[in-house]
Amino acid sequence: MNNKMIGCVSAMTMAGVMVFGGFQVPAMAATGGNDGVVRFQKVLEMQKAAGASVPDVTYTYTIVPGIGIGATATSPEVKPGVGTPVVSDVSYTNTDTITQQEVVKTAAITFPEGTFRAPGIYRYVLTESANSNTDITDVDGNVRYLDVYVVNDSDGGYKIDATVFTETAVTPTFDEKTKQPTY
């Protein structure tokens, strides 16, 4: 897999919104990565709680390696995730400001230096744990798949070039004209 092939995927990773717990905004992308940190947004919808203050609630996450997929003539190899990335919690409090009937917070997935030892696509499974407030009922469907596209770095190491979140494990394919991976 070469840098040119993976570089194309960067264009697909627009700043996106990642939503867990059955909230209404679907997501396909995360931001960041070149610094070893991938960021995603957690949205707390307040549309059905007009006039209410933001509840005190914390969401935690676990991240584990996903299942790899072998390369075919029409799709690149997807490797199981490696290393021990760490996901930050997301906390809301009654002092948070509601904007357009929602509260948006950013979470970070940190990949320690040296996590990646070769270029490729690495798959992780990110799961949101039950929230800390028993008065809030979340909808099921709190699992997302994170594909991390890793390329050679100019200093001889490896860096994250792109990331893609999906609600199901998706097999990337090659565009027939450009031979670049697509979702």
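What does the pLDDT of the protein average, and what share of the residues score at least 70? I looked that up before anything else. This is a predicted model, and its pLDDT averages 77, with 74% of the residues scoring at least 70.

**Entry: confidence along the chain**

I went through the elements next. Helix α1, residues 3-12, has the lowest mean pLDDT of them, 34. At the other end of the scale, strand β5 (residues 78-80) has the highest, 97. Over residues 1-29 the pLDDT is below 50, yet this stretch has 91 contacts in the model beyond near neighbours in sequence. I'm leaving those contacts alone, because predicted coordinates should not be read in detail where pLDDT is low.

**Entry: the core**

I then asked which residues have the most contacts inside the largest nonpolar core. They are Ile109 and Phe111, in a core of 26 residues. I noted the strands that each supply at least two residues of this core: β2 (37-45), β3 (57-59), β4 (61-65), β7 (90-92), β8 (102-110), β9 (120-128), β10 (143-152) and β11 (158-166). Another core lies apart from it, with five residues, including Ile121, Tyr149, Ala162 and Val164.

I clicked on Ile109 to list what it touches, leaving out residues up to four places away in sequence. Among its partners are Val37, Val38, Phe40, Ile63, Leu126, Leu146 and Phe165. Gly36, Pro85, Val86 and Val87 are also touched by Ile109.

**Entry: salt bridges**

How many salt bridges does the structure hold? I have five, and I wrote up three.

- Arg39 and Asp35 meet through their side chains at 3.2 Å, N to O. Arg39 is partly exposed, at 31% relative accessible area, and Asp35 counts as exposed at 51%.
- Lys42 and Glu128 meet at 3.1 Å, N to O. Lys42 is in strand β2 and Glu128 in strand β9, so this pair ties together parts 86 residues apart in sequence. Buried or exposed, I wondered, for Lys42 and Glu128? Both are buried.
- Asp147 and Arg123 have their closest N and O atoms 2.6 Å apart. Asp147 sits in strand β10 and Arg123 in strand β9, 24 residues apart, and the pair links distant parts of the chain. Asp147 has 1% relative accessibility, so it counts as buried. Arg123 also counts as buried, at 2%.

**Entry: aromatic rings**

I found six aromatic pairs in the structure. For Phe40 and Tyr61 I noted ring centres 5.4 Å apart and planes at 90°, which means the pair is edge-to-face. Phe40 belongs to strand β2 and Tyr61 to strand β4, 21 residues apart, so to speak of distant parts of the chain being linked fits here. Phe40 and Tyr61 are both buried.

Tyr59 and Tyr92 make another edge-to-face pair, 6.3 Å centre to centre with 85° between the planes. Here Tyr59 in strand β3 is linked to Tyr92 in strand β7, 33 residues apart. Tyr59 is buried, and Tyr92 is too.

I also marked one aromatic cluster formed by Phe111, Phe116, Tyr122 and Tyr124. Phe111 had already turned up with Ile109 for its contacts inside the largest core.

**Entry: back to Lys42**

Where does Lys42 lie relative to the ring of Tyr59? I have Lys42 over the face of Tyr59, at 4.1 Å from the ring centre. I put that beside my earlier note that Lys42 forms a salt bridge with Glu128, and that Tyr59 pairs with Tyr92.

How values were computed: Residues numbered from 1 in each chain as written. Predicted model: local features only at pLDDT ≥ 70, side-chain atom pairs only at ≥ 80, totals over all residues. Heavy atoms only, no water. Core = buried A, V, L, I, M, F, W, Y, C linked by side-chain atoms within 4.5 Å. Buried < 20%, exposed > 50% of the residue type's maximum accessible area, 1.4 Å probe, protein only. Helix = DSSP H or I, 4+ residues; strand = E, 2+ residues; numbered from the N terminus. Contact = heavy atoms within 4.5 Å. Salt bridge = Lys/Arg side-chain N within 4 Å of Asp/Glu carboxyl O. pLDDT = per-residue confidence, 0-100. Phe/Tyr/Trp six-rings, centres within 6.5 Å; stacked < 30°, edge-to-face > 60°. Lys NZ or Arg CZ within 6 Å of the ring centre and 35° of its normal.
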